[in-house]
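Please open the model in your viewer and keep the sequence panel visible beside it. The tour below proceeds by selections, each followed by a description of what is found there.

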Amino acid sequence: MQPYIFQSDEVKHLLHRKQIVLIGDSCLRHTYKDLLVFLDSDRMMSIEEGKVKGESSFMGDILLDGGTLGEMANGISYKEVRHKINQLATQIRFFFTTRCYNNYMENTVLEYIKVEHPDAVVMSSTLWDIGRYGDSKRLQLFIENLIKLLSKLNTILTRKTLFIWSNGLPITENAYGGFLETQGLTKLNP
């Protein structure tokens, strides 16, 4: 059976007057940008478009915080908040985060969700949570933070809000590119 391939017009119809929030790292930023491009045309984002981060505008969106408005550094303190409203009143907001639950998540991201009541929230944070924080108990802390996040979301999301957790990519022993610091990591499946 062949997978169904959506066309831009179908996605525009499905997302007409919807509010979508994406929360995560560069993988979710890529999804955000892909969605903006696809809503504008029947194409996906180019590799060159995907390599850029923090720009003041992409496909007519607005950089609200972080990115080129702040410190452009790869690290746990990097922020980027983007927002787009298209001609069909579809609102899409992206929050870059390096932790699934912390003060920034609680006071900024979750407060936004509580006030705005989006139709869908898509989130991922696994790689940063377990890969960039030096604590030897980072996996246990990630699980504790994930429980806090889900408990908080359970109190603020409306019944109409679809919540999607996008799993982190699988990690291979041959990973490269500097995304994962090995200090303090142990194999989960020896």
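Begin by selecting Arg17, which is placed in the loop between helix H1 (8–14) and strand S1 (19–24). The model is a predicted one, and in it Arg17 has a positive phi of about 60° although this residue is not a glycine. Most residues other than glycine have a negative phi. With the surface displayed, Arg17 counts as exposed, at 62% relative accessibility.

Select His117 next, in the loop between H4 and strand S5 (120–123). His117, a residue other than glycine, also has a positive phi, with a value near 50°. Its relative accessible area is 35%, so His117 is partly exposed.

Now zoom out and colour the protein by secondary structure, which gives six helices and six strands. Following the chain along the sequence, you should meet these elements in the pattern α-β-α-α-β-β-β-α-β-α-α-β. Of the 190 residues of the protein, 42% count as buried. If you display contacts with a sequence separation of 6 or more, residues 24 or more positions apart account for 62% of them.

From this overview, select helix H4 (residues 103–116) together with helix H6 (residues 138–156), whose axes come within 10 Å and cross at roughly 30°. Because that angle falls under the 35 degrees that bounds the class, H4 and H6 are roughly parallel to each other. The crossing in which H4 passes H6 is right-handed. To see the contact itself, show the side chains of Met105, Glu106, Leu110, Ile113 and Lys114 on H4, and those of Leu149, Lys152, Leu153 and Ile156 on H6.

Which residues does Leu110 touch, once those up to four places away in sequence are set aside? Select Leu110, in helix H4, and display its neighbours: leaving out residues up to four places away, Leu110 touches Tyr101, Met105, Leu149, Lys152, Leu153 and Ile156. Leu110 counts as buried, at 2% relative accessibility. A distance drawn from the C-alpha of Leu110 to that of Ile156 should read 8.1 Å, although the two residues are 46 residues apart in sequence.

For a contrasting position, move to Thr155, which lies in helix H6. Is Thr155 buried or exposed? At 61% relative accessibility, Thr155 counts as exposed. Its C-alpha lies 9.0 Å from the C-alpha of Lys114, and 41 residues separate Thr155 and Lys114 in sequence.

Turn now to the aromatic rings, among which a search of the whole structure finds four pairs. One of these to select is Tyr4 with Phe6, whose ring centres are 5.2 Å apart and whose planes stand at 85°, so the pair is edge-to-face. Tyr4 is exposed, with a relative accessible area of 57%, while Phe6 counts as partly exposed at 41% relative accessibility.

The last selections place a lysine over an aromatic ring. Select Lys33 and Phe58 together, and you will find Lys33 over the face of Phe58, at 4.9 Å from the ring centre. Then select Lys53 with Tyr78, where Lys53 lies over the face of the tyrosine ring, at 4.3 Å from the ring centre.

Notes
Residues numbered from 1 in each chain as written. Predicted model: local features only at pLDDT ≥ 70, side-chain atom pairs only at ≥ 80, totals over all residues. Heavy atoms only, no water. Phe/Tyr/Trp six-rings, centres within 6.5 Å; stacked < 30°, edge-to-face > 60°. Buried < 20%, exposed > 50% of the residue type's maximum accessible area, 1.4 Å probe, protein only. Lys NZ or Arg CZ within 6 Å of the ring centre and 35° of its normal. Axes fitted to C-alpha atoms, helices over the stretch in contact; angles between N-to-C directions. Helix = DSSP H or I, 4+ residues; strand = E, 2+ residues; numbered from the N terminus. Parallel < 35°, antiparallel > 145°, perpendicular 65-115°, else oblique. Left-handed = near helix turned anticlockwise from the far one by under 90°. Contact = heavy atoms within 4.5 Å.
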